[in-house]
Amino acid sequence: MPETPQEWYARVSAAVASEGHRESDLQRWSSWPWTGTLTPKLLEPPVESEPARRGAGSENCLICDGSSTLDPAYVVWHDDVFMLGMPHEPRSLPFALFLMPRRHAELGDLTPEEAHRQGELLATVDAAAQHVLHIPRVQAALWGDGTEHLHWWLYARPTGMLQLRGTFLSHWDDLLPAVPSARFRADQVLVAQEVARRPVGKQWRSKGAASMGLDAHDQQADGSTAPRTFRTSERCLRRLPSAPPGSCTVRCGHRVCPGSPHRRLSSGVFEGLIDSS
């Protein structure tokens, strides 16, 4: 029969007392964030029952609140099933987003359809982030010990920063100075817009207004969309190579009509014609 937590603790703590901790070569890893000698803490016995996690049973769940309000300060992309959310705390890495189901669920609660969608989005976010940012790949982590609502941690190091590879990336993220908030948000929005531009990001849209900023009045009677003039307060993130000086392409989740430059209205605000098809 499998060991009980109490049996596991008794065996391991007895072995530590008689033989000590296992030798580790972590300090020789180039990605190890610390210098000097570290001493392992005393192993504490298991508790009788685990503490309740934040948002347990969807009560006072901040992720559920975000799914309900779709506050753009937090949710940078969504469909009817999943959403991408911004971290609440400052981050030092160039990419860090949460992938979360819209409904209150843990990993084992997902339906086969939701699990399929989750896999599509994990792959798409990885490809989108590599396409628009200077990162080699996205790392995905799942803990869930603090909050019950499923949330994948997706983050990435800058390309070429080999010291940040592997297991300790999240520790480096906590230790290094934070990216300026405006710069960090602009980069995360850029990834979200690239996700929305790709086929997977365009699926599973709501029956009303589509995600990524397309308003309901932009939809035609047959459900299609037509080119329209739009304004955006997002940063001018990418310039068309063939565009004349002073024009730009704002990646807002829609394709910009070829040859349609954007007119600068004010600082950080542009106007142009988009093709939402």
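**Aromatic pairs, helix packing and salt bridges in the predicted model**

Phe98 is buried, with a relative accessible area of 10%. The structure described here is a predicted model, and Phe98 belongs to strand S3, residues 95–101. The protein chain contains 5 helices and 9 strands, arranged along the sequence as α-α-β-β-β-α-β-β-α-α-β-β-β-β. Of its 277 residues, 39% count as buried. The accessible surface amounts to about 16,400 Å², with 55% belonging to carbon and sulfur atoms. Among contacts between residues at least 6 apart in sequence, 59% join residues at least 24 apart.

The count of aromatic pairs is 5. One of them is formed by Trp32 and Phe168, an edge-to-face pair at 5.2 Å centre to centre with 85 degrees between the planes. This pair links distant parts of the chain, 136 residues apart: Trp32 is in the loop between H1 and helix H2 (62–69), and Phe168 is in the loop between strand S5 (152–156) and H4. Both Trp32 and Phe168 are buried. For Phe98 and Trp153, the ring centres are 4.7 Å apart and the planes lie at 80 degrees, so this pair is also edge-to-face. Here strand S3 is linked to strand S5, with Phe98 and Trp153 separated by 55 residues. Trp153 is partly exposed, at a relative accessible area of 26%. Ring pairs further join Trp29, Trp32, Trp34 and Phe168 into a cluster.

Trp34 also contributes to a nonpolar surface patch of about 350 Å², together with Leu38, Leu175 and Leu176. Leu175 is located in helix H4, residues 169–175, and is partly exposed with a relative accessible area of 47%.

Two helices were compared with their expected spans. Helix H1 (residues 5–19) has 15 residues and should span 21 Å at 1.5 Å a residue; its end C-alpha atoms are 21 Å apart, in agreement. Just after H1, Gly20 adopts a positive phi of about 85 degrees. For the 17 residues of helix H5 (residues 181–197), the expected span is 24 Å, which agrees with the 24 Å between the end C-alpha atoms. H5 is mostly covered, with 12 of its 17 residues buried. The buried residues include Phe184, Val189, Leu190 and Val191 as well as the charged-type side chains Asp187 and Glu194. The buried residues of H5 pack against strand S1 (75–78), strand S2 (82–85), S3 and helix H3 (112–132).

The model holds 12 salt bridges. In one of them, the side chains of Asp174 and Arg91 meet at 3.0 Å, N to O. Asp174 lies in helix H4 and Arg91 in the loop between S2 and S3, so the pair ties together parts that are 83 residues apart in sequence. Asp174 is exposed, with a relative accessible area of 57%, whereas Arg91 is buried at 7%. A salt bridge at 2.7 Å, N to O, is formed by Arg103 and Glu114. Arg103 is in the loop between S3 and H3 and Glu114 is in helix H3, 11 residues apart. Arg103 counts as partly exposed at 36% relative accessibility, and Glu114 is buried with a relative accessible area of 12%.

Within helix H3, the side chains of Arg117 and Glu120 meet in a salt bridge at 3.3 Å, N to O. These residues are 3 apart, about one turn of the helix. Arg117 counts as buried at 0% relative accessibility, while Glu120 counts as partly exposed at 22%. Salt bridges that share partners join Glu89, Arg91, Asp173 and Asp174 into one network.

Terms used:
Residues numbered from 1 in each chain as written. Predicted model: local features only at pLDDT ≥ 70, side-chain atom pairs only at ≥ 80, totals over all residues. Heavy atoms only, no water. Helix = DSSP H or I, 4+ residues; strand = E, 2+ residues; numbered from the N terminus. Buried < 20%, exposed > 50% of the residue type's maximum accessible area, 1.4 Å probe, protein only. Contact = heavy atoms within 4.5 Å. Areas by Shrake-Rupley, 256 points an atom, 1.4 Å probe, with all protein chains shown as cover. Expected span 1.5 Å × (residues − 1). Patch = residues over 30% accessible without salt bridge, like charges linked within 9 Å, V, L, I, M, F, W, Y side chains within 5 Å. Salt bridge = Lys/Arg side-chain N within 4 Å of Asp/Glu carboxyl O. Phe/Tyr/Trp six-rings, centres within 6.5 Å; stacked < 30°, edge-to-face > 60°.
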